[in-house]
Amino acid sequence: MNAPASERDRMFCAAYGCPLFGTFGSDGRWWCLCHFGRPASLNDAITAVLHSAACAPVVASTLDIRRAYGSFFDLPEVYRSIQKRLLEAGRADLLMSADERHSGGVRAWLMRLERVLIDMTAGVGTTHRLMATVPTAPIIGPTRAAAYLEHAKDEE
Ligand SMILES: [Zn+2]
């Protein structure tokens with residue numbers, strides 16, 4: 001990206017380090033489809049998933065599509081580089097389908113790729129929520145080492 005910093009900040013998601021464009025406005029800031037509407041406490045975890053090896057090729061492909069959006073079919077090299085990237089990542093299933101090429105076009109394909117990113121980041125935070133609701137046993141017994149380790153008494 002050669003855009004000036006201010007323009008770059010405006011283009012990208014407001015979550016720190018997020019690689020996606022900000023496409024949803026909220027409270028005067030722009031968020032990507034994965035961060036939008038999620039608790040701020042999950043921002044970094046979601047960003048980490050987007051940078052993961054599984055997500056990164058999909059992220060890069062959606063950015064390429066969005067950048068080339070208006071002239072996508074005039075830029076065969078853009079599709080070829082996306083195709084190469086997705087195939088190398090083992091995601092042939094994410095290439096533009098014949099249906100998408102003939103009906104919805106680039107938009108339908110982009111939406112499918114972005115849906116994949118939403119799904120891949122949707123699980124962020126659920127483990128934490130589960131753990132918070134699973135009852136844990138109360139701590140019983142001595143809480144100080146000295147109670148059961150003779151030598152620990154010397155360290156008190
Ligand atoms: Zn984001």
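User: In this predicted model, why is Met 111 called partly exposed?

Analyst: Met 111 has 14 other C-beta atoms within 10 Å, and because a residue counts as buried at 20 or more and as exposed at 12 or fewer, with partly exposed in between, Met 111 is partly exposed. Met 111 belongs to helix α6, and its C-alpha atom is separated by 8.9 Å from that of Thr 62, which lies 49 residues apart along the chain.

User: What makes α2 oblique to α6?

Analyst: The axes of α2 and α6 cross at roughly 125 degrees and come within 9 Å. That makes α2 oblique to α6, because 65 to 115 degrees counts as roughly perpendicular, over 145 as roughly antiparallel and under 35 as roughly parallel, with the rest oblique. The crossing in which α2 passes α6 is right-handed.

User: Which residues of α2 and α6 meet?

Analyst: On the α2 side they are Ile 46, Val 49 and Leu 50, and these meet Leu 117, Met 120 and Thr 121 in α6.

User: Which residues touch the most other members of the largest nonpolar core, and which helices supply it with at least two residues each?

Analyst: Within this core of 26 residues, Cys 13, Cys 18, Leu 20 and Leu 50 touch the most other members. At least two residues come from each of α2 (43–50), α3 (56–68), α4 (76–88) and α6 (105–122), and α6 gives the most, with four. Domain 1 (1–47) and domain 2 (52–122) each contribute at least three residues to this core. Leaving aside residues up to four places away in sequence, Cys 18 touches Phe 12, Cys 13, Cys 32, His 35, Thr 47 and Leu 50.

Note on methods. Residues are numbered from 1 along each chain as its sequence is written. This is a predicted model: local features need pLDDT of at least 70, side-chain atom pairs count only at pLDDT 80 or more; totals for chains, interfaces and linings use all residues. A nonpolar core is a set of buried Ala, Val, Leu, Ile, Met, Phe, Trp, Tyr and Cys residues joined through C-beta atoms within 7 Å. Domain bounds come from an automatic or database domain assignment. Two residues are in contact if their C-beta atoms, placed from the backbone, lie within 7 Å. Axes are lines fitted to C-alpha atoms, for helices over the stretch in contact, and angles run from 0 to 180 degrees between N-to-C directions. A crossing is left-handed if the near helix is turned anticlockwise from the far one by less than a right angle, and right-handed if clockwise.
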